[in-house]
Amino acid sequence: MNFKGFLFDLDGTLVDSLPAVNRCWTQWGERHAIAADAVLNYIHGKPAIDSLRHFMQGESEAAIQAEFHWLEQQEATDTQGVQEIAGARALLMQLNEQNIPWAIVTSGSVPVAHARHRAAGLPLPAVFITANDIRHGKPDPEPYLLGAERLGLHPSECVVVEDAPAGIAAGLAAGSAVIAVNPAADTPGLSQVMFNVPDLRTLNITQNGTGTFTLSLRA
C-alpha cells in the first residue's frame, strides 16, 4: 500500500515515559485509596480527564477538574527517566529529510505532552494534537481524524503508529493502517494491524517518487 504521512502516538510509541506515568498515577491512586493495579490497568492510551471521570464517578465536575490540575502538574514536572523509544529520533529525522509529513497525536494535555517530548529530545512535528484539541479521546477515532485533517491528508493515506489498545482501536476506526509498537499480547485488533514491532528501528521507508511511500520491515 502507498501512504503519504504518519500519525504517531507519543507515550509508549515515540517516548518511553512509563516509569513517570506509573509514578504519577500511583500517587494519585494513593490519594484516593485506589489500588495501583486498578489504576494502571485502565489509564494507558486514554485522556487523563476521562480516566479521572471513570474513577471519580459521582464526584462533582469541580472536584474532578481539581484532581486533573493536580495530576497534570505532577506529570508535567516528573520527567525522570523519560527517553526516546529506540529508533524514534532517527525515524523522525528521516521523515523530515524526505519531506514526509507527520504529526503527533497524543492523549496527553499540552503541558504533559510537551514536557515529555522535550525530555526525549525529539524533533518538532508540523502538527501536534493533544487532549486540549479534541472532544472525544481514544479509542474514539476523532484524534486521528483531526491529525490527518491538519496534515491535509485523508486518514487512509496515513499510517498510525501506536502502542496502547485504545490508540490501536482509534487508528483502526479512523480507517488508517496501524503499526503496533510493543503491544500487550492480548490487545484487541492485533490481527488487523499492518505490522507488530518491538520498537521503531525495524521500519524501512521507500519513497515512490509520486509523493507516496511504502513500508517494510528490516531483517
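Where does Asn132 lie? The legends below take up this question first and then turn to other close-up views of the predicted model.

**Figure 1. Surroundings of Asn132 in the predicted model.** Asn132 is placed in the loop that runs between strand 5 (127-129) and helix 7. Is this residue, Asn132, buried or exposed? Its relative accessibility is 52%, so Asn132 counts as exposed, given that the exposed class begins over 50%. When residues up to four places away in sequence are not counted, Asn132 touches Ser109 and Val110. Thr106 stands 26 residues from Asn132 along the chain, and the C-alpha atoms of the two are separated by 9.9 Å.

**Figure 2. The cis peptide bond before Pro139.** The bond from Lys138 to Pro139 is cis, and its omega is near 15°. Pro139 is found in the loop between strand 5 and helix 7, and Asn132 lies in the loop between these elements as well.

**Figure 3. The largest nonpolar core, with Phe8 in view.** This core has 31 residues, and the members that touch the most others are Phe6, Phe8 and Leu14. Helix 5 (residues 88-97) supplies the largest share of the core, 4 residues. Which residues are in contact with Phe8, leaving aside its neighbours within four places in sequence? They are Leu14, Leu91, Leu92, Leu95, Trp102, Ala103, Ile104, Val105, Tyr144 and Val161. Another core, of 20 residues, lies apart from the largest one, and its members include Ile129, Tyr144, Leu151 and Ala180.**Figure 4. The largest pocket.** The volume of this pocket is about 880 Å³. Its lining consists of 42 residues, of which Asp11, His44, Gly45, Asp163 and Ala164 are the closest to the centre. Which elements give two or more residues to the lining of the largest pocket? They are strand 2 (15-16), helix 1 (18-31), helix 2 (36-43), helix 4 (61-77) and helix 6 (110-120). By class, the lining residues of the largest pocket comprise 21 nonpolar, 11 polar and 10 charged.

**Figure 5. Ala164, one of the residues closest to the centre of the largest pocket.** Ala164 occupies a place in the loop between strand 6 and helix 8. The relative accessible area of Ala164 is 4%, and Ala164 is therefore buried, as the limit for this class is under 20%. Apart from neighbours within four places in sequence, Ala164 is in contact with His44 and Gly45. Lys46 is 118 residues from Ala164 in sequence, and the distance in space is 8.8 Å, C-alpha to C-alpha.

**Figure 6. The second largest pocket.** This pocket has a volume of about 210 Å³. How many residues line the second largest pocket? Its lining has 15 residues, and those nearest the centre are Pro47, Ile49, Arg53, Phe68 and Ala131. Two elements, helix 3 (48-55) and helix 4, each give two or more residues to the lining. Helix 3 contributes the most, with 4 residues. Sorted by class, the lining of the second largest pocket holds 6 nonpolar, 6 polar and 3 charged residues.

**Figure 7. Helix 8 and the elements against which it packs.** Helix 8 spans residues 165-174, and its buried residues are Ala166, Gly167, Ile168, Ala170, Gly171 and Ala174. Against which elements do the buried residues of helix 8 pack? Their partners are helix 7 (142-151), strand 6 (158-162) and strand 7 (177-181). Gly175 follows helix 8 and has a positive phi, near 90°.

**Figure 8. Ala33 and Asn182, residues other than glycine with a positive phi.** Ala33 has a phi of about 55° and lies in the loop between helix 1 and helix 2. With a relative accessible area of 75%, Ala33 is exposed. The phi of Asn182 is near 50°, and Asn182 has its place in the loop between strand 7 and strand 8 (195-197). Asn182 also counts as exposed, at 58% relative accessibility.

**Figure 9. Cys24 and Cys158.** Are these cysteines, Cys24 and Cys158, buried or exposed? Cys24 has a relative accessibility of 1% and so counts as buried. Cys158, with a relative accessible area of 0%, is buried as well. A search of the whole structure finds 0 disulfides.

Note on methods
Residues numbered from 1 in each chain as written. Predicted model: local features only at pLDDT ≥ 70, side-chain atom pairs only at ≥ 80, totals over all residues. Heavy atoms only, no water. Core = buried A, V, L, I, M, F, W, Y, C linked by side-chain atoms within 4.5 Å. Buried < 20%, exposed > 50% of the residue type's maximum accessible area, 1.4 Å probe, protein only. Contact = heavy atoms within 4.5 Å. 1 Å grid on protein atoms, 1.4 Å probe; cavity = no way out; pocket = protein on both sides within 12 Å on 5 of 7 lines; lining within 4 Å. Points joined across faces, edges and corners; volume = space filled by probe spheres on them. Nonpolar A, V, L, I, M, F, W, Y, C, P; charged D, E, K, R; others polar. Disulfide = S-S within 2.5 Å.
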